[in-house]
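Thanks for making time this morning. I would like to walk through one structure, moving from the chains to the core and then to a couple of individual side chains.

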Amino acid sequence: MTLLSDALFSDVMFYLVAAVMIGTAIATIMAKNLLQSAVFLIFSFVGTAILYLMLHAEFMAMAQIMVYAGGVIIFVIFTILLTSHLGESALHIKLPRTFIALMISLAFLWVMVRFVVLTPDLNVATPTATSGYASLSSFALRLLSTGPEGFVIPFEIISLLLLVTLVCAITIARKFKGEE
Amino acid sequence: MMTPSITHPIGDFIRANVPIPELAYLINAIICIVAICTVAFGAAMVLVYMERKVCAHVQCRLGPMRLGPHGCIQTVADTIKLFFKEVYAPNGADKFLFYLAPMVLLTAPFMCLSMIPFDHNLQVADISVGIPLIIAVNGFGILGILLGGWASNNKYSLLGSLRSGAQMISYEISYAMILLFVVMMSGSCSLQEITLSQSGNLFDWWIFKAPGIGFLAFLMFLISSTAELNRAPFDIAEAEQELTGGYHTEYNGLAFAMFYLAEYINLVTTSAIATVCFLGGYLPLSFGYAPVDHVLAIVPGFIWFFGKVFAMIWVYMMLRWTFVRPRVDQLMGLEWKFLLPVNLLLLALGAVFISLGWIVP
């Protein structure tokens, strides 16, 4: 005997996570303090990672936590700590700007909803990928295979691009002798 | 969704004997939480005592001796004292972030503990992305320290947390690379499979199995994890002489206890990861000589596991009381100019060894 069916349970969990995500996203914007905004943003990112996990996209969830929560946000916080005088003056935003921002976000929301509604088979398709499709091993094999399913050329191009970025960063940061 | 994909004897037993699946799910969850908390708090209590004793004996002292035989109740008394202290935030501190920081800091070690295989069946979650998740949640540790340092509204705390943040971000790269090296050798990201890939005798552990580079990788892991743990000799984050106490200067009572606890649980998890990745995890010691091996195999796996973990912890403690603290710039130079290139070389060498067939995963 079961009290909750699997579908109902995953629905409830989805709405719970979504509510947390929306709440923290709103808190990110509303927080007076820049550092508090960054902290709320982390919770929002972790919520996104949980949504990925619920869709069986394990590697996406890990990448979300590793890159956004663990990497980007840490650097954002570092930048905030090193540059601004926190807590001394909150951000002041004038009313016309708030109005324009509201209009733009409403327009964006409208476009997004329209596109989602236009997706074919939205009502019948299962929301999760087939089991194992997005697991780490199949993900890695697809990334490196040269067949029609493979992504080896984009993968190599991206790695080359990252290498170029690294070399550029070192070149900029490098100090030559006598230059101090 | 209610039944996890991983089958587990204890979990299966409860699922088979409790009539309501939701209740079984809840009981399983509670068992997991209690188990992890027991390991975490128990190990932390033991480690505080052990640290004081090891420190004392290195310095030719006796350490705590008054409470109980050889002072073994001293830690209990200290814990009770910490529990009853008043928790307050300094004037002008950001209260929300001040109390959030230690909680954020504690998430990482608990998530790591839940993935560690203590024995064949003693593991909360055997997930296929274990190593990436460990690397990912390490970021929360840095976050907790940065937030705690800033929210204290104290210049020493802020300086300490910025130093520590820079240090941990840098050394995390080496740490992650060594873990990736182990993943490459064993061909799996699951901690259980990494352990099982070392089954055989003593020379099948990754520290010896990969000729030469295994031991080098282990040394690299030791260095980068000591820095990652913020332990001496890499404790510039809380260098007492310079920063009074670093990022937790303003914390007291339970909030301070959480920082302290996180430090010691991190020590356990890091030693456990070292044990899993290099020292064969819960697999018993064996020399390839059947009469001795059969006797050693009688000892259950989790005793082997904790034995290896405490041996690793002892190594970390001896490191702490042996070496002197490097300067900030020396520390950064060590990571970016020495450890990182050597780790890249190690990864490349590992690939060469595997392609030549010298290492069989």
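Before I give any burial figures, let me fix the term: a residue is called buried when its relative accessible area is under 20%, and exposed when that value is over 50%, with partly exposed in between. Please also keep in mind that what you see is a predicted model.

Let me begin with chain A, where buried residues in that sense make up 24% of the 180 residues. Its secondary structure consists of six helices and zero strands, which, read along the sequence, gives the pattern α-α-α-α-α-α. Among the contacts of chain A with a separation of 6 or more, 54% are between residues 24 or more positions apart. The accessible surface of this chain comes to about 13600 Å², and 75% of that area belongs to carbon and sulfur atoms.

Turning to chain B, we again have helices, with 14 of them and zero strands. The radius of gyration of chain B is 21 Å, close to the 21 Å that the globule rule gives for 361 residues, so chain B is as compact as a globular protein of that length. Along the principal axes, the C-alpha trace of chain B spans about 60 × 60 × 45 Å. Buried residues make up 53% of the 361 residues here, and 76% of the contacts in chain B with a separation of 6 or more are accounted for by residues 24 or more positions apart. For the accessible surface of chain B the total is about 15800 Å², with 72% belonging to carbon and sulfur atoms.

How is chain B divided into domains? The domain assignment gives domain 1, covering 1–84, and domain 2, covering 88–356. The C-alpha centres of these two domains of chain B lie 19 Å apart, and the contact between them takes 23 residues from domain 1 and 29 residues from domain 2.

That brings me to the largest nonpolar core, which has 117 residues, and in which Ile77(A), Phe140(B), Leu143(B), Leu179(B), Phe221(B) and Phe278(B) touch the most other members. Both domain 1 and domain 2 of chain B give residues to this core, so it lies between them. Ile77(A) is a good residue to look at, since, leaving out residues up to four places away in sequence, Ile77(A) touches Leu35(A) and Ala38(A) as well as Leu143(B), Leu146(B) and Leu147(B).

Finally, I would like to show you two polar side chains. Is Asn343(B) buried or exposed? Asn343(B), which is found in helix H14 (residues 328–356) of chain B, has a relative accessible area of 2%, so it is buried. The side chains of Asn343(B) and Ser174(B) are joined by a polar contact of 3.2 Å. Not counting residues up to four places away in sequence, Asn343(B) touches Met177(B), Ile178(B) and Met220(B) in addition to Ser174(B).

The second is Glu228(B), which lies in helix H9 (residues 213–228) of chain B. With a relative accessible area of 8%, Glu228(B) is likewise buried. What does the side chain of Glu228(B) reach at 3.4 Å? The partner is the backbone nitrogen of Glu172(B). If we set aside neighbours within four places in sequence, Glu228(B) is in contact with Asn138(B), Met168(B), Tyr171(B) and Glu172(B).

Terms used. Residues numbered from 1 in each chain as written. Chains lettered and ligands numbered in written order. Predicted model: local features only at pLDDT ≥ 70, side-chain atom pairs only at ≥ 80, totals over all residues. Heavy atoms only, no water. Core = buried A, V, L, I, M, F, W, Y, C linked by side-chain atoms within 4.5 Å. Buried < 20%, exposed > 50% of the residue type's maximum accessible area, 1.4 Å probe, protein only. Domains from an automatic or database assignment. Contact = heavy atoms within 4.5 Å. Helix = DSSP H or I, 4+ residues; strand = E, 2+ residues; numbered from the N terminus. Rg over C-alpha atoms; globule rule 2.2 N^0.38 Å. Areas by Shrake-Rupley, 256 points an atom, 1.4 Å probe, with all protein chains shown as cover. Polar contact = N/O pair within 3.5 Å; in protein donor to acceptor, adjacent residues only side chain to side chain.
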